[in-house]
Amino acid sequence: MIQVKRVYDAPLPEDGFRVLVDRLWPRGLTKEKARIALWLKDIAPSADLIQRFHQGRILWQEFKDSYISELALQPQAVAELLDMADRGRLTLLFAARDRDQNQAIILAEFLRAKSQAS
């Protein structure tokens, strides 16, 4: 099972393996408080893509399509996350304020689709 959660939300035992999928460490959060098992910076969208989305230069669908294209270039990191999900619950953590439009949601959908295809 793959779930998505904001890194600032309290960690719970049922989160399973907690992976931060942001390029930058969340402000004001210690590693102990976040209880992050792995910080996978390379799976995050490129800095340019994030910047264009946050500045409103591209819309959600273009951001999503571009990020999926970037994920295709990260087969090792994708395989690592799929392996973690196969072993138990995987929680993808993000720092963005928007709970509905962020890279962790796209990544979770991408991983679920890959998992079902195999």
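**Exercise 1. Work out which residues Thr91 touches, and whether Thr91 is buried or exposed.**

Start with the neighbours. Setting aside residues up to four places away in sequence, Thr91 touches Gln3, Lys5, Asp15, Phe17, Arg18 and Val19, where contact means heavy atoms within 4.5 Å. A quick word on the ground rules: this is a predicted model, where local features need pLDDT of at least 70 and side-chain atom pairs count only at pLDDT 80 or more, while totals for chains, interfaces and linings use all residues. Residues are numbered from 1 along each chain as its sequence is written, and side-chain values use heavy atoms, with hydrogens and water left out.

Next, place the residue: Thr91 sits in strand β4, residues 90-94. (Helices, H or I with at least four residues, and strands, E with at least two, are DSSP runs numbered from the N terminus.)

Now the burial. Thr91 has a relative accessible area of 0%, so it is buried. (Buried is under 20% relative accessible area, exposed is over 50%, and partly exposed is in between, using a 1.4 Å probe and protein chains only.)

Last step: the Thr91 side chain reaches the backbone oxygen of Asp15 at 2.5 Å.

**Exercise 2. Find where Gln103 lies and which backbone oxygen its side chain reaches.**

Gln103 belongs to helix α5. Its relative accessibility is 6%, so Gln103 counts as buried. The Gln103 side chain reaches the backbone oxygen of Val21 at 3.3 Å. Beyond four places in sequence, Gln103 is in contact with Val21, Asp22, Pro45, Ile50, Phe63, Tyr67 and Phe94.

**Exercise 3. Describe how α3 packs on α5.**

What do you need to quote? Two packed helices are described by the angle between their axes and the distance between the axes. Here α3 (residues 60-71) and α5 (residues 103-117) pack at about 55 degrees, with axes 10 Å apart. (Axes are lines fitted to C-alpha atoms, for helices over the stretch in contact, and angles run from 0 to 180 degrees between N-to-C directions.)

Then classify: α3 and α5 are therefore oblique to each other. (Under 35 degrees is roughly parallel, over 145 roughly antiparallel, 65 to 115 roughly perpendicular, and the rest oblique.)

Now list who makes the contact: Trp60, Phe63, Lys64, Tyr67, Ile68 and Leu71 from α3, with Gln103, Ile106, Leu107, Glu109 and Phe110 from α5. Sorted by type, the residues of this α3 with α5 contact come out as eight nonpolar, one polar and two charged. (Ala, Val, Leu, Ile, Met, Phe, Trp, Tyr, Cys and Pro count as nonpolar, Asp, Glu, Lys and Arg as charged, and the others, Gly among them, as polar.)

**Exercise 4. Do the same for α4 with α5.**

Angle and distance come up again: helix α4 (residues 75-87) and α5 pack at about 75 degrees, their axes 10 Å apart. That makes α4 and α5 roughly perpendicular to each other. On the α4 side the contact uses Val78, Leu81 and Leu82, and on the α5 side Leu107, Phe110, Leu111, Lys114 and Ser115. The tally for the contact of α4 with α5 is six nonpolar, one polar and one charged.

**Exercise 5. Classify the α2 and α3 pair, then look at Phe53.**

The axes of α2 and α3 come within 10 Å and cross at roughly 175 degrees. So α2 and α3 are roughly antiparallel to each other. Leu49, Ile50, Arg52 and Phe53 of α2 meet Trp60, Glu62, Phe63, Ser66, Tyr67 and Glu70 of α3. For α2 with α3, the residues of the contact split into six nonpolar, one polar and three charged.

Zoom in on Phe53, which lies in α2, residues 47-54. At 16% relative accessibility, Phe53 counts as buried. Neighbours within four places aside, Phe53 is in contact with Ile58, Leu59, Trp60, Phe63 and Gln101. Phe53 and Asn102 are 49 residues apart in sequence, yet 9.9 Å apart in space, C-alpha to C-alpha.

**Exercise 6. Say what phi Arg35 has, and where Arg35 lies.**

Background first: most residues other than glycine have a negative phi. Arg35 is not a glycine, but has a positive phi of about 50 degrees. Arg35 lies in the loop between α1 (31-34) and β3 (38-39). With 52% relative accessibility, Arg35 counts as exposed.

Definitions and conventions
A polar contact is a pair of N or O atoms within 3.5 Å; within protein, one must be able to donate a hydrogen and the other to accept it, and residues adjacent in sequence count only if both atoms are side-chain atoms.
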